[in-house]
Amino acid sequence: FVMTAIDKGIGSAYADLGYADADSMRLKADLALAIGDLIAARRLTQSEAATLLGMTQPKVSAMLRGQFRGISEAKMMTALARLGRDIHIMVVPVLEPRAGRIDVCLT
């Protein structure tokens with residue numbers, strides 16, 4: 001049995017892996033998860049979802065597998081709107097001296 005030291009992450013797998021666009025990737029992951037949940041809840045096939053979302057079926061498949069490079073946050077938000085969700089963007093001041101963040105809150 002060999003003990004290996006484990007470093008605690010900073011809360012974002014993308015940042016922990018050193019991606020320069022970690023915040024964008026985390027946001028896209030959250031949006032893709034929401035899209036996938038709504039597609040499943042409506043029992044849509046990927047082909048049906050692709051038609052509704054204005055994407056190709058392979059693009060929908062890739063997005064649902066976490067391969068969303070090449071799909072903008074705006075396109076993903078449009079997909080959520082087409083799935084019957086309103087998108088609200090709130091800009092609020094941070095309460096401590098740090099950089100702001102982007103969060104996806106699903107209801």
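**Pocket, helix and bridge: three exercises**

The largest pocket in this predicted model has a volume of about 1,000 Å³.

**Exercise 1.** Work out which residues and elements line the largest pocket.

*Solution.* Start at the middle: the lining has 28 residues, and His-88, Ile-89, Asp-103, Val-104 and Cys-105 lie nearest the pocket's centre. Next, look for elements that give two or more residues to that lining; these are α2 (22-41) and α5 (73-82). Of the elements, α2 gives the most, with five residues. Finally, sort the lining by type: you get 18 nonpolar, three polar and seven charged residues.

**Exercise 2.** Decide whether Ala-50 is buried or exposed, then find what it touches.

*Solution.* First, place the residue: Ala-50 sits in helix α3, which covers residues 46-53. Its relative accessible area is 4%, and buried means under 20%, so Ala-50 is buried. Now check its contacts. Leaving aside residues up to four places away in sequence, Ala-50 touches Met-55, Thr-56, Gln-57 and Val-60. Take Val-60 from that list: it's 10 residues from Ala-50 in sequence, and their C-alpha atoms are 6.1 Å apart in space.

**Exercise 3.** Find how many salt bridges the whole structure has, and describe the pairing of Arg-26 with Asp-30.

*Solution.* Searching the whole structure turns up one salt bridge. The side chains of Arg-26 and Asp-30 meet in a salt bridge, at 3.5 Å from N to O. Both residues belong to helix α2, where they're four residues apart, or about one turn of the helix. As for Asp-30, its relative accessibility is 25%, so it counts as partly exposed.

How values were computed: Residues numbered from 1 in each chain as written. Predicted model: local features only at pLDDT ≥ 70, side-chain atom pairs only at ≥ 80, totals over all residues. Heavy atoms only, no water. 1 Å grid on protein atoms, 1.4 Å probe; cavity = no way out; pocket = protein on both sides within 12 Å on 5 of 7 lines; lining within 4 Å. Points joined across faces, edges and corners; volume = space filled by probe spheres on them. Nonpolar A, V, L, I, M, F, W, Y, C, P; charged D, E, K, R; others polar. Buried < 20%, exposed > 50% of the residue type's maximum accessible area, 1.4 Å probe, protein only. Contact = heavy atoms within 4.5 Å. Salt bridge = Lys/Arg side-chain N within 4 Å of Asp/Glu carboxyl O.
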